[in-house]
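Here's a quick walk through a single-chain model, from the overall numbers down to a few pairs of side chains. Keep the structure open as you read.

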Amino acid sequence: MERREDHYSNYFVQSPSSLSHDLEFEFQSPTRSDSAPLVLSRVNEFPKHSDFLGNSTGNKLVYEDDEKMLVPLRSSNSGWWIVLQIGWRFFFSLGVALLVFYIATQPPHPDISFRIGRFNQFMLEEGVDSHGASTKFLTFNCSTKLIVDNKSNVFGLHIHPPSIKFFFGPLNFAKAQGPKLYALSHESTTFQLYIGTTNRAMYGAGAEMDDMLQSRVGLPLILRTSIISDYRVVWNIINPKYHHKVECLLLLAYKERHSHVTMIREKCRLVS
């Protein structure tokens, strides 16, 4: 019996409680020894991609770099959104304020009238044109009055250069364009405008005009004026425009033994 006991190996049996304690220690000890278990667990979800980023760092460093890049992007988007909100609210409020201002100070339609001043000169003389043809040459100078009644109490009236044309029947024999004008608010202003021509060859119309001047009927002429005006309420954003067309019918005749031509009748009316 003693010899058999020498050939047996020695076996040790460990108690269940101690085994459980060792297993628990072996399972939990790596997690406890790590300083950032949460970061490691999240980094392990992503593979290394050093070739893509040109960085040879591990997963933990790559993930931290991504977080640093994303945080400023979110802050930038948020900043632009705030600026956009402030911007559109500002412009909306400005538009409403300008609309209310225009309605409160809406300027009334200006009154435009036109008068013929006097003919300082009106002569039809015989002559020869550059081709050797005999004809009548017209030289005249006429002053006119543009009367603007600006009824606005706030805004001045800007008047574009007026266009003036003289007609004998369908023939437009003289035209002129005046300067830019400005009528002060709540005032009636008179502007002097001039139109004329020098040595204008009239051909067949010249002889007919001369005959009418010497007759009792007189020489009928038509003056047409086109005027555009506007109020600049808010720069060029709100500037209501007004179109005015004036037509004047007048009669000319010789006076004092054909020494000069004078106007014997005048009638002007606003066409539009």
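Buried residues (under 20% relative accessible area with a 1.4 Å probe, protein chains only) make up 29% of the chain's 272 residues. This is a predicted model, where local features need pLDDT of at least 70, side-chain atom pairs count only at pLDDT 80 or more, and totals for chains, interfaces and linings use all residues. Residues are numbered from 1 along each chain as its sequence is written, and side-chain values use heavy atoms, leaving out hydrogens and water.

The chain has six helices and ten strands, taken as DSSP runs (H or I of at least four residues for helices, E of at least two for strands) and numbered from the N terminus. Its accessible surface is about 19100 Å² (Shrake-Rupley, 1.4 Å probe), with 56% belonging to carbon and sulfur atoms.

What's inside? In the largest nonpolar core, which has 44 residues, Phe-122, Phe-166 and Leu-221 touch the most other members. A core here is a set of buried Ala, Val, Leu, Ile, Met, Phe, Trp, Tyr and Cys residues joined through side-chain atoms within 4.5 Å. Leaving aside residues up to four places away in sequence, Phe-166 has contacts (heavy atoms within 4.5 Å) with residues including Phe-119, Phe-140, Leu-171, Ile-195 and Leu-250.

Helix 6 (residues 204-214) has a buried set made up of Ala-205, Gly-206, Met-209, Asp-210 and Leu-213. Down the helix axis, these buried residues fall within an arc of 135° (from directions to the C-beta atoms), so they line one face of helix 6. Gly-204 and Asp-211, on the other side, are exposed (over 50%).

Now for the charges: the whole structure holds six salt bridges (a Lys or Arg side-chain nitrogen within 4 Å of an Asp or Glu carboxyl oxygen). Three of them look like this:

| Pair | Closest N and O atoms |
|---|---|
| Lys-151 and Asp-111 | 2.9 Å |
| Arg-232 and Asp-230 | 3.2 Å |
| Glu-247 and Arg-269 | 3.5 Å |

Glu-247 sits in strand 9 (residues 241-255) and Arg-269 in strand 10 (residues 260-270), so this pair links distant parts of the chain, 22 residues apart. Glu-247 is partly exposed (between the buried and exposed cut-offs) at 22% relative accessibility, and Arg-269 is partly exposed at 48%. Elsewhere, Glu-126, Lys-136 and Asp-210 are joined into one network by salt bridges that share partners.
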